[in-house]
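Student: I should like to look closely at a single part of this protein. Could you please take me through one place where two of its domains meet?

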Amino acid sequence: MANQTLQAWVDEVAALTTPDSIHWCDGSEEEILQLNEQMVADGSLIRLDQEKHPGCYYARSDVNDVARVEDRTFICSTKEIDAGPTNNWMCPVEMHERLERLFAGCMTGRTMYVIPYLMGVPGSPMAKVGFEITDSPYVVVNMRIMTRMGKIALDELGDSPHFVKGVHSKGQLKPEERYISHFPDENLIMSFSSNYGGNALLGKKCFALRLASVLARDEGWLAEHMLILGITDPDGNKTFVAAAFPSACGKTNLAMLIPPEAYQQQGWKVETIGDDIAWLKFGADGRLYAVNPEFGFFGVAPGTSMSTNPNAMASMRKDTIFTNVALKPDNTIWWEGMDGDPPAQVTDWKGNPWTPESETPAAHPNSRFTAPAGQCPCISPEWDKPEGVPISAIIFGGRRSTTMPLVYEATSWQHGTYLGATMTSEKTAAAVGGLGQLRHDPMAMLPFCGYNMGDYWQHWLNMGEKGGDQMPRIYHVNWFRKGAEGEWLWPGFGENMHVLAWIVDRCKGEGEAVESPIGNLPTPAALHMDELNLTPSAQEELLCVRVDEWKAEAKERDAYFKQFDRLPAGIKEENERLKERLSTCRV
Ligand code: OXD
Ligand code: MN
């Protein structure tokens with residue numbers, strides 16, 4: 001082993017955790033086959049029907065370990081103020097002591113796997129190397145799909161001492177021993193007692209968002225919870241867009257959108273670059289470029305079908321791991337919302353018999369597929385360009401039943417940053433607890449920002465200063481507004497193309513808009529609303545800005561902002577301006 005820093009760290013972790021053996025992962029096909037075999041033999045994986053699902057496996061997690069655990073996730077910066085009011089903080093010395101007690105001897109009787117992986121495209125100035133040490137072979141096979149793993153990362157690292165360290169043990173999966181801890185000053189992640197993707201696949205949320213956001217602040221770039229897509233318009237021009245939505249709000253669906261027939265005929269096309277994370281950096285031309293640092297999709301399964309997202313269904317046609325979905329007697333899989341009628345009988349995600357009469361879901365609402373991104377039929381030819389793609393627009397969105405119109409446009413980068421900072425959404429199953437409650441989720445980064453949220457907003461404002469008029473335009477969308485009877489007003493899915501096309505038009509200096517107190521709204525004609533089967537009242541409601549609702553929203557924002565000691569002046573200013581515009585506006 002040429003890299004002394006790496007070897008010394010691996011030795012240190014092995015001395016603490018005392019595994020029976022150490023396996024350095026090379027990321028080869030044979031290695032993965034052998035690990036899959038081993039897990040099938042010990043019962044932790046089930047091989048699916050290999051004709052219908054070649055190379056695919058099925059896993060069930062512990063019933064108490066099915067989602068990210070935000071109350072057990074910690075940012076252990078030296079000073080508490082640097083974690084800020086939205087993160088759990090613990091003094092790094094104390095957290096190290098606590099974790100050392102838990103990790104001591106935890107791999108006895110187990111193999112310790114050392115996973116070298118790369119986040120980003122090889123040779124890209126944005127690529128970064130990480131190592132995950134784990135005692136979970138399930139983590140290894142998932143990391144092989146989600147990251148560029150093995151020799152490629154070792155080659156990229158060479159003898160550099162700069163890499164992100166991750167130590168993971170599934171421990172005994174006791175919830176009270178669960179800690180997802182980040183040490184930004186040491187470039188270190190330590191995760192104990194969970195085997196769930198977002199807590200255990202350390203390249204994803206822990207590195208590519210929480211630690212990367214800190215690196216991005218220090219190095220002048222952005223690490224964001226954003227999908228990236230390329231939109232080809234009828235002139236054949238491609239516009240690249242990044243979009244941030246809270247977990248389980250349709251990012252994967254939007255990233256793989258198929259335009260409605262009428263749009264396709266005009267020449268519109270959508271391609272995927274990423275579905276969850278974007279790293280954005282200034283290019284030599286001064287524009288903001290984005291790369292998807294991941295290599296796979298870790299998508300929510302329920303609701304995914306040939307009608308809602310055929311591209312996702314095609315992405316998982318082979319070499320995919322399904323976790324916590326339902327298993328059919330013929331060793332194929334099922335989940336709520338899949339095409340066709342529910343099967344007469346399945347085994348549910350807990351391993352119990354299930355029929356359509358059962359009162360609980362067959363698949364856990366946060367059950368997942370882990371699929372190679374390269375298998376997506378609409379993957380963009382630019383998805384692995386080392387320099388990334390130039391971003392023309394950034395979209396923020398939340399799940400809101402009321403108040404938020406279908407789409408509106410910020411009038412400046414500062415105003416757009418304010419739109420991101422004030423994002424709120426109804427909670428989903430991607431994290432434990434509070435389903436359906438409205439919560440603030442700034443830039444969809446609430447669970448993922450590795451430092452003080454006020455400083456993070458300031459960093460966004462600083463990026464805007466630097467980029468000037470080359471910065472992307474910023475939008476806010478809401479696919480989830482409901483009518484008086486609780487019905488969805490907007491059809492969503494492919495029809496979201498109406499909104500994307502307007503955004504592309506705006507980026508080209510076209511597309512009609514009207515001013516409102518909250519920002520610029522499209523006219524119904526600019527959205528081609530008449531091509532949809534919407535009632536006149538739905539049309540109106542979707543683009544309606546109710547001043548009374550917005551005054552209540554602004555009041556609530558005032559209260560929300562009080563917790564931030566480091567609220568940037570630019571955000572405060574936009575909040576005051578909004579209130580002023582609302583107060584002079586006639587209802
Ligand atoms: C995810 C999440 O898994 O945001 O992408 O929870
Ligand atoms: Mn996500």
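Tutor: The account below concerns the interface of domain 1 and domain 3. This is a predicted model, in which local features need pLDDT of at least 70, side-chain atom pairs count only at pLDDT 80 or more, and totals for chains, interfaces and linings use all residues. Residues are numbered from 1 along each chain as its sequence is written, chains are lettered from A and ligands numbered from 1 in the order in which they are written, and side-chain values use heavy atoms, with hydrogens and water left out.

Domain 1 covers 4–44 + 71–220 and domain 3 covers 300–375; such bounds come from an automatic or database domain assignment. Taken over C-alpha atoms, the centres of domain 1 and domain 3 are 28 Å apart. Six residues from domain 1 and eight residues from domain 3 make the contact (heavy atoms within 4.5 Å).

The size of an interface is often given as the accessible area lost when the parts come together. Here, domain 1 and domain 3 bury about 570 Å² between them (accessible area, 1.4 Å probe, that two parts lose on being put together, summed over both). Carbon and sulfur atoms hold 62% of that buried area. Of the area that domain 1 buries against domain 3, Tyr138, Ile145 and Tyr196 supply 73%, more than any other three residues.

The side of domain 1 that touches domain 3 has five nonpolar residues, one polar and no charged (Ala, Val, Leu, Ile, Met, Phe, Trp, Tyr, Cys and Pro count as nonpolar, Asp, Glu, Lys and Arg as charged, and the others, Gly among them, as polar). Across this interface, the rule finds zero salt bridges (a side-chain nitrogen of Lys or Arg within 4 Å of a carboxyl oxygen of Asp or Glu).
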